[in-house]
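The following exercises concern ring contacts, a pocket and backbone geometry. Each task is followed by a solution in steps.

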Amino acid sequence: MKDNVKKLVLSAMFIAIGIVLPFFTGQVKQLGDILLPMHLPIFLCGLICSWKYGLAAGFILPILRSLIFSMPPLYPNAISMAFELAVYGFIVGFIYEKAPKKNLIWLYISLIAAMLLGRLVAGGVKTVLLGMAGTPYTFKAFITANFIKAVPGVIIQLIIIPSIMLLIKKTKLKV
């Protein structure tokens, strides 16, 4: 029971960080699309709190931020991001939880798998949402938005997240 409360509080903290972090990109959509500030806390939530909390926090964060600040726009961005971030939190937490060793290799496997699957899900959801509105979501738009523009953010994530996890492990911080 005590552990669940701790994970719930940490998840709320990660959601709060995800709400605030985009302000550091100056609310410039293009900069946010490149640096991906809402992704970091969800990856950490999945790794630290478990896949269940990562999935829930990932789904809640973009919709909550959209409802509070209208950024990202609810349709289609926040809705597709909700599925994307939910997959990130789920996959990163699930693979890392099931990993035979909690080491850097398995951390990277978890992160990369989550990044790829989350982007595929986001593309699928956006294709459905835009298709229902009669606006095609082309393969070129999908690749550009989810892979080409995201490279700087992915690199940042692949540096910062393992660094934070190693710091937590090294300091024996009880999270």
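**Exercise 1: Aromatic rings**

Ring pairs link Trp51, Phe90 and Phe94 into a cluster. The model is predicted, so local features need pLDDT of at least 70 and side-chain atom pairs count only at pLDDT 80 or more, while totals for chains, interfaces and linings use all residues. Residues are numbered from 1 along each chain as its sequence is written, and side-chain values use heavy atoms, with hydrogens and water left out.

Task: State how many aromatic pairs a search of the whole structure finds, and classify the pair of Phe23 and Phe69.

Solution.
- Step 1. The criterion is that rings of Phe, Tyr and Trp (its six-membered ring) pair if their centres lie within 6.5 Å; planes under 30 degrees apart are stacked, over 60 edge-to-face, and the rest tilted.
- Step 2. The search of the whole structure yields 8 aromatic pairs.
- Step 3. Phe23 and Phe69 lie 5.0 Å apart centre to centre with 90° between the planes, an edge-to-face pair.
- Step 4. This pair links distant parts of the chain, 46 residues apart: Phe23 is in the loop between helix H1 (2–20) and helix H2 (29–35), and Phe69 is in helix H4 (residues 51–69). Helices here are DSSP runs (H or I, at least four residues), numbered from the N terminus.
- Step 5. Phe23 is partly exposed because its relative accessibility is 38%, and Phe69 is partly exposed at 34%. The classes are buried under 20% relative accessible area, exposed over 50% and partly exposed in between (1.4 Å probe, protein chains only).
- Step 6. Arg65 also lies over the face of Phe23, 4.9 Å from the ring centre; the criterion for a charge over a ring is NZ of Lys or CZ of Arg within 6 Å of the ring centre and within 35 degrees of the ring normal.

**Exercise 2: A pair within one helix**

Task: Describe the pair formed by Phe139 and Phe142, and decide whether Phe139 is buried or exposed.

Solution.
- Step 1. The Phe139 and Phe142 rings are tilted, at 6.2 Å centre to centre and 40° between the planes.
- Step 2. Both residues belong to helix H7 (residues 139–148), 3 residues apart, about one turn of the helix.
- Step 3. Phe139 is exposed because its relative accessible area is 62%, whereas Phe142 is buried at 10% relative accessibility.

**Exercise 3: The second largest pocket**

Task: Identify which helix gives the most to the lining of the second largest pocket.

Solution.
- Step 1. A pocket is an open set of points on a 1 Å grid over the protein atoms alone where a 1.4 Å probe fits, with protein on both sides within 12 Å along at least five of seven lines; lining residues have an atom within 4 Å of a point.
- Step 2. The second largest pocket holds about 230 Å³ of space.
- Step 3. Helix H3 (39–49), helix H6 (104–132) and helix H8 (151–171) each give two or more residues to its lining; H8 gives the most, with 4 residues.
- Step 4. The lining residues include Tyr96 and Lys102, and the charged end of Lys102 sits over the ring of Tyr96, 5.6 Å from its centre.

**Exercise 4: Backbone exceptions**

Task: Locate the cis peptide bond that ends at Pro72 and the place of Ser50.

Solution.
- Step 1. Most residues other than glycine have a negative phi, and most peptide bonds are trans.
- Step 2. The bond from Met71 to Pro72 is cis, with omega near -5°, and Pro72 is in the loop between H4 and helix H5 (74–98).
- Step 3. Ser50, in the loop between H3 and H4, has a positive phi of about 115°.

Terms used
Points joined across faces, edges and corners; volume = space filled by probe spheres on them.
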